[in-house]
Structures are given as structure tokens and as C-alpha cells.
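Subject: the structure to look through

Hi,

Here is the structure I said I'd pass on. Have it open while you read, and my notes on what turned up follow right below it.

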Amino acid sequence: MDKGSIPCNTHLMDTIEKAAGKSGVSYIVMPSGAGHDANALGHRIPVGMIFVPSRDGLSHCKEEWTEESDLEHGVKALYQTILELDKEQ
């Protein structure tokens, strides 16, 4: 059954952007409707996505490769996002 894409949660995406800025990671905001990556969850809970660069823009294939430093930046942004969301509780 095709459920199509699901929009990312605006509040969560704003929090991710704030967190990326606080973590010192360079970032750009990209519009993205979550497809298979978050679709199953997005119909029940808010979803947001943090993308990291892949060599030659390849994704979801055996040639996909992301440099360790880019992975570290993604982890920093995710960690800071969790801290920001925890402050709201």
C-alpha cells in the first residue's frame, strides 16, 4: 500500500535548525516530504530529518559514502536537537 510522502513537522524542523546553529554545524534548510525513511512513523508521530552529504549525491545504493566528519556533524546536530527538545519538557 502506497501511503505517499508525509510532511515533516514544522516545530521539529525549526528545532533542528536551531540546534544545528548552536552546534556550530554549517547547514541549509531543504524542503523534504518524508518518504520511505520516515513514512511509517510520520502518520503517528511528528517527524523531521537531518541529512548529511553523500559523495556524488548518491543515496540508498551500494555506492553511497559519507565522510566521517560529515557523520560527526550530523550526530552533533542530532544531539543538540535532543537537548533542545528536552528543554521543552
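Lys87 is a good place to begin: in this predicted model, Lys87 has a relative accessible area of 57%, so it counts as exposed, the cut-off being over 50%. The side chain of Lys87 pairs with Glu84 in a salt bridge, and their closest N and O atoms are 3.4 Å apart. Both residues sit in helix 3, with three residues of spacing, or about one turn of the helix. This bridge belongs to a wider set, since salt bridges with shared partners tie Lys18, Lys22, Glu84 and Lys87 into one network.

If you're wondering about the background, side chains of opposite charge can pair when their charged atoms come close.

So how many salt bridges are there by this rule? The count is three. Let's go through the ones that reach over to helix 1.

Take Lys22 with Glu84: their side chains meet in a salt bridge at 2.9 Å, N to O. This pair connects distant parts of the chain, with Lys22 in helix 1 and Glu84 in helix 3, 62 residues apart. Then there is Lys18, whose side chain also meets that of Glu84 in a salt bridge, this time at 3.3 Å from N to O. Again distant parts of the chain are linked, as Lys18 belongs to helix 1 and Glu84 to helix 3, with their positions 66 residues apart.

Now for a quick puzzle: is Glu84 buried or exposed? Its relative accessibility is 5%, so Glu84 counts as buried, because the limit for that is under 20%. Lys18, at 48%, is partly exposed, and so is Lys22, at 47%.

Next, have a look at Asn39. You'll find it in helix 2, which covers residues 39-42. Asn39 is buried, with a relative accessible area of 9%. Its side chain and that of His43 are joined by a polar contact of 2.9 Å.

On to the empty spaces. Rolling a probe the size of a water molecule over the atoms shows where empty space is left.

The largest pocket holds about 580 Å³ of space. Its lining is made up of 26 residues, and those nearest the centre are Tyr27, Ile28, Met49, Ile50 and Phe51. Which helix gives the largest share of this lining? That's helix 1, with six residues. Helix 1 (10-23) and helix 3 (68-87) each bring at least two residues to the lining. Sorted by class, the lining of the largest pocket has 17 nonpolar residues, six polar ones and three charged ones.

The second largest pocket has a volume of about 290 Å³. Here 13 residues form the lining, and Phe51, Val52, Ser59, His60 and Glu64 lie nearest the centre. Its lining splits into six nonpolar, five polar and two charged residues. Try picking out Phe51 on your screen: it is among the residues nearest the centre of the largest pocket, and also among those nearest the centre of the second largest pocket.

Happy looking!

Definitions and conventions
Residues are numbered from 1 along each chain as its sequence is written. This is a predicted model: local features need pLDDT of at least 70, side-chain atom pairs count only at pLDDT 80 or more; totals for chains, interfaces and linings use all residues. Side-chain values use heavy atoms; hydrogens and water are left out. On a 1 Å grid over the protein atoms alone, a cavity is a set of points where a 1.4 Å probe fits but cannot get out, and a pocket is an open set with protein on both sides within 12 Å along at least five of seven lines; lining residues have an atom within 4 Å of a point. Grid points are joined across faces, edges and corners, and a volume is the space filled by probe spheres set on the points. Helices (H or I, at least four residues) and strands (E, at least two) are DSSP runs, numbered from the N terminus. Ala, Val, Leu, Ile, Met, Phe, Trp, Tyr, Cys and Pro count as nonpolar, Asp, Glu, Lys and Arg as charged, and the others, Gly among them, as polar. A salt bridge is a side-chain nitrogen of Lys or Arg within 4 Å of a carboxyl oxygen of Asp or Glu. Buried means under 20% relative accessible area, exposed over 50%, partly exposed in between (1.4 Å probe, protein chains only). A polar contact is a pair of N or O atoms within 3.5 Å; within protein, one must be able to donate a hydrogen and the other to accept it, and residues adjacent in sequence count only if both atoms are side-chain atoms.
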